[in-house]
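Reader: I'd like a close look at one part of this model. Could you walk me through it?

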Amino acid sequence: MWIMQSEQLNETMLLVRYENNPILTAADWPYPINSVFNPGAVKLADGTTLLLARVEGRSGISHLCAARSANGIDDWDIDSQPTLKPDPANYPEEIWGIEDPRITYLSEIERYAVTYTAYSQAGPGVSIALTSDFVHFERLGLAMPPINKDAAILPRKVNGRWALIHRPIGVPHSHIWISFSPDLEHWGDPRLILHARSGPWWDAGKIGLSPPPIETSEGWLMLYHSVRQTGSGLIYRMGLALFDLGCHKNCLLRSNVWIFGPEEEYERRGDVGNVVFPCGYTLAEDGDTIRLFYGSADTSIAMATGSVQQMLTWLHQNGQRESWTGIV
Ligand code: BMA
């Protein structure tokens, strides 16, 4: 399905929307909800695609709910009850809900790590839970205090430590950081790895990790989102950055333009219009074709397909080296 070598690759070709989007809406849910969006995604050992979606109830508080599909597109089997509910009695930081999960399989401990937003009265922080079946979860509690979001763990240790990408709120801009841990519970040694630009840039002011980074032969390919402030509200879009495979701290290339933004009706209109917000992807057996699962307008779940190799090729042709010299 990918374009011929001779065609000029441009950023509008990198992700192709599924023709029957959205793939999941509140109407599909087995219990009454307001909206379903921003799912983490993983392909299980038997090939089943599992989405762990953010579900907003009619209270405004969110929980997480799993949906499974053999082909990853339709015929979803949705848990009849919330899969992971906020537990404020034991984890007070979850009092206003849990949101936006990212999933990484950690082969060293043979469990999936789910990093999610724990919405506390002091603001959103990052929490971690471990699971092997998406039925039973072991909560590790708060990894990053408020205000922090958009976090994912890399699948294996870097120089003996786990690595967590996250996005603290900064002044005046909010950038993407990485922190390290010997045990998934104690995090430190933070470093800024991708800065939000300034002025009229598409990724000015605030950026954050979208799904967990994709490992390629050239480095970690990061899809990141930008939050553009305009006179008529926010626009969430997505761009690409490539990081060093070894230490994960060096950005090799980043895109100067966004590669995916709200265009379709289901992305433009909803509870929060003009939002595309991916938290997960699955990779096909060819090791190249990704399915990106994203929240559209904080209302439903949609899917787009792309080629990792084409994203890398495009980034080499159009990206620029990170030139920012920050203090960290
Ligand atoms: C972000 C997160 C996302 C949401 C987005 C747009 O800050 O809260 O869950 O999709 O805003 O409202």
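Which residues of helix α2 (residues 308-318) are buried?

Author: First, the ground rules. This is a predicted model, where local features need pLDDT of at least 70, side-chain atom pairs count only at pLDDT 80 or more, and totals for chains, interfaces and linings use all residues. Residues are numbered from 1 along each chain as its sequence is written, and side-chain values use heavy atoms, with hydrogens and water left out.

Now α2: its buried residues are V308, Q310, M311, L312, W314 and L315. Buried here means under 20% relative accessible area (1.4 Å probe, protein chains only); helices are DSSP runs (H or I, at least four residues), strands likewise (E, at least two), numbered from the N terminus. At the N-terminal end, S307 acts as the cap, with a side-chain oxygen 3.3 Å from the backbone nitrogen of Q309, a polar contact (N or O atoms within 3.5 Å, one able to donate a hydrogen and the other to accept it; residues adjacent in sequence count only if both atoms are side-chain atoms).

Then there's the sheet: four strands, open, ordered β1-β21-β20-β19 with antiparallel pairing (pairing takes at least two DSSP bridges). β1 (15-17) and β19 (276-283) are the edge strands, each pairing on one side only. Neighbouring strands are turned by 30 degrees on average, direction ignored. α2 packs on this sheet, touching β1, β19, β20 and β21 (300-307), and its direction makes about 70 degrees with that of β21. Contact means heavy atoms within 4.5 Å; axes are lines fitted to C-alpha atoms, for helices over the stretch in contact, with angles from 0 to 180 degrees between N-to-C directions.

Methods: Buried < 20%, exposed > 50% of the residue type's maximum accessible area, 1.4 Å probe, protein only.
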